[in-house]
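Q: I am new to this structure and would be grateful for a close look at a single part of it. Please begin with one residue and then place it in its wider surroundings.

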Amino acid sequence: MSHSEALKNLYHSVNPDAKNVYVVPLIRFSHKKTDYLYLLYKDLIEGHDLKVRSISIFDHFKLIAAILSNRNSILHYHWFEFQDVKSLLGMPWKLFCIYVFQKLGGTVIWTIHNEFPHDRKYLDLHLYLHRKMAKWSKALHVHCNKAVDIMSNRLMCDRDKFHVIPHPSYPLDPMDKFEARELLRSRYAVDINDDETVLLMFGNISRYKRMDLVATLIMEYDLKCKLMIVGPVKKGNEKLYKKLSVYEESDERIRVIPDFVEEDQVSWFYSASDIAVFNYREILSSGSYHMALAFQKTIIAPNIGCLSEETENPNVHLFNSQNELKELITFHISENRFDDKA
């Protein structure tokens, strides 16, 4: 069953008469191979049974207008959180619109992507808001059974309210490794040799990913590899980026590219790499992880959240401590060099 079919079944089970689904935040229709929301709703968008309407965080008033004109509507909300005082100021208005929507007969579904905000700010307030959102929601969507275990306790919700629909896969095709490395050399000035083992940490630069610990590990143990850290700097993580920049200046094996990567160039970085490394402090599900799966990379990741259900995948190697992370990286760098020589 496709993700869209599973979603359609979920929608029908909670509101069989619904014809409109309002999605928050906006779906990026310009990124049809890498936007999570587009891939999740793709078949529904292209079908005729339901009308999928995407609403920005600034247009929540449209939810009230919509429910007044059509009581049989569904609001499917993603990433219900805030990062700073400025975004906090907008939360009362969002809460009001969601509350009115469900009070007037609308059906709310909330996809839970994170156990709590990755920056760990305002945790008590987030917990209060998340429990409110869970109470107002007719169904809670998560990507794995482990997330049900975690979030049912945290939100004080019955497990029957949760619905597991896996993370959508990314329709991304690998390219020749040496061609990809040549593109990185010419377009991004990455000093990378064809016989070098390349580790990749792809996605927003943020503290919870503990990228700096991986860079430190590479330097302290003098591992023969190249570590590429690629992605825009998440708001509030400027100090982390400065630390990584210092590492880059002091060690030629560390390369930091703090930019948003266009969709047609994502393949360059994954295809040029041998190993995708993830060092999350906490996580439920990860888009970058699923991108690495699409490119059939060797994956090193922590044994937490939905990742803990990936033990049967031969390309996935999970660790339970930073010492195990070091051992896995060291082993797979050596194994990759042996395979290249073979």
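Does Cys144 count as buried or exposed, and what is its relative accessibility?

A: The model discussed here is a predicted one. In this model Cys144 has a relative accessibility of 3%, and because the limit for a buried residue is under 20%, Cys144 counts as buried.

Cys144 also takes part in a covalent link. The structure holds 1 disulfide, and this disulfide is formed by Cys144 and Cys306, with 2.1 Å between their sulfur atoms. The angle about the S-S bond is -85°, and the link of Cys144 and Cys306 is left-handed. The pair joins distant parts of the chain, for Cys144 and Cys306 are 162 residues apart. Cys144 belongs to the loop between strand 5 (139–142) and helix 7 (145–155), while Cys306 belongs to the loop between strand 11 (298–302) and strand 12 (316–319). The partner is covered as well: Cys306 has a relative accessible area of 11% and is therefore buried.

Two further cysteines may be considered beside this pair. Cys157 has a relative accessibility of 14% and so counts as buried. The cysteine sulfur closest to that of Cys157 is in Cys144, but the two are 16 Å apart, which is too far for a bond. Cys97, at 0% relative accessibility, counts as buried.

The surroundings of Cys144 lead to the nonpolar cores. In soluble globular proteins, nonpolar side chains tend to be buried together. The largest nonpolar core of this model has 57 residues, and the members that touch the most others are Tyr11, Tyr41, Phe202 and Phe269. Helix 2 contributes the most to this core, with 7 residues. A second core, separate from that one, has 32 residues, and Cys144 is included in it together with Leu63, Trp110 and Met151.

Tyr11 offers a way into the largest core. Leaving out residues up to four places away in sequence, Tyr11 touches Pro16, Val21, Tyr41, Leu44, Leu50, Ile74, His76 and Ile109. One of these contacts, Val21, lies in strand 1. Val21 has a relative accessible area of 0% and is therefore buried. With the same exclusion of sequence neighbours, Val21 touches Tyr11, Leu50, Lys51, Val52, Arg53, Ile74 and His76. Val21 and Asn72 are 51 residues apart in sequence, and their C-alpha atoms are 9.4 Å apart.

The strand that holds Val21 can be described in turn. Strand 1 comprises residues 20–24, and 5 of its 5 residues are buried. In a regular strand the side chains alternate between the two faces of the sheet. In strand 1 both faces are covered, with Asn20, Tyr22 and Val24 on one side and Val21 and Val23 on the other. Strand 1 pairs with strand 2 (residues 51–54) in the parallel sense over 4 bridges, and the bridge partner of Asn20 in strand 2 is Lys51. Between these two strands the chain passes through helix 2 (residues 36–46), and the resulting β-α-β crossover is right-handed. Strand 1 also runs parallel to strand 3 (residues 73–78), to which 5 bridges join it. Ile74 in strand 3 is the bridge partner of Val21.

Another buried strand residue is Leu200. Leu200 is placed in strand 7 (residues 198–202), and its relative accessible area of 2% means that it is buried. Apart from neighbours within four places in sequence, Leu200 is in contact with Met228, Val230, Phe269, Tyr270, Ser273, Ile275, Ala276 and Val277. Phe269, in this list of contacts, is also among the residues named for touching the most other members of the largest core. The C-alpha atoms of Leu200 and Phe295 are separated by 12 Å, and these residues are 95 places apart along the chain.

A loop residue, Asn237, completes this account. Asn237 lies in the loop between strand 8 (226–230) and helix 10 (238–250). With a relative accessible area of 3%, Asn237 is buried. A polar atom of the Asn237 side chain lies 3.4 Å from the backbone oxygen of Lys235. Beyond neighbours within four places in sequence, Asn237 is in contact with Ile205, Ser206 and Arg207.

Notes:
Residues numbered from 1 in each chain as written. Predicted model: local features only at pLDDT ≥ 70, side-chain atom pairs only at ≥ 80, totals over all residues. Heavy atoms only, no water. Buried < 20%, exposed > 50% of the residue type's maximum accessible area, 1.4 Å probe, protein only. Polar contact = N/O pair within 3.5 Å; in protein donor to acceptor, adjacent residues only side chain to side chain. Contact = heavy atoms within 4.5 Å. Pairing = 2+ DSSP bridges. Right-handed = clockwise from strand over helix to strand, strands pointing away. Core = buried A, V, L, I, M, F, W, Y, C linked by side-chain atoms within 4.5 Å. Disulfide = S-S within 2.5 Å.
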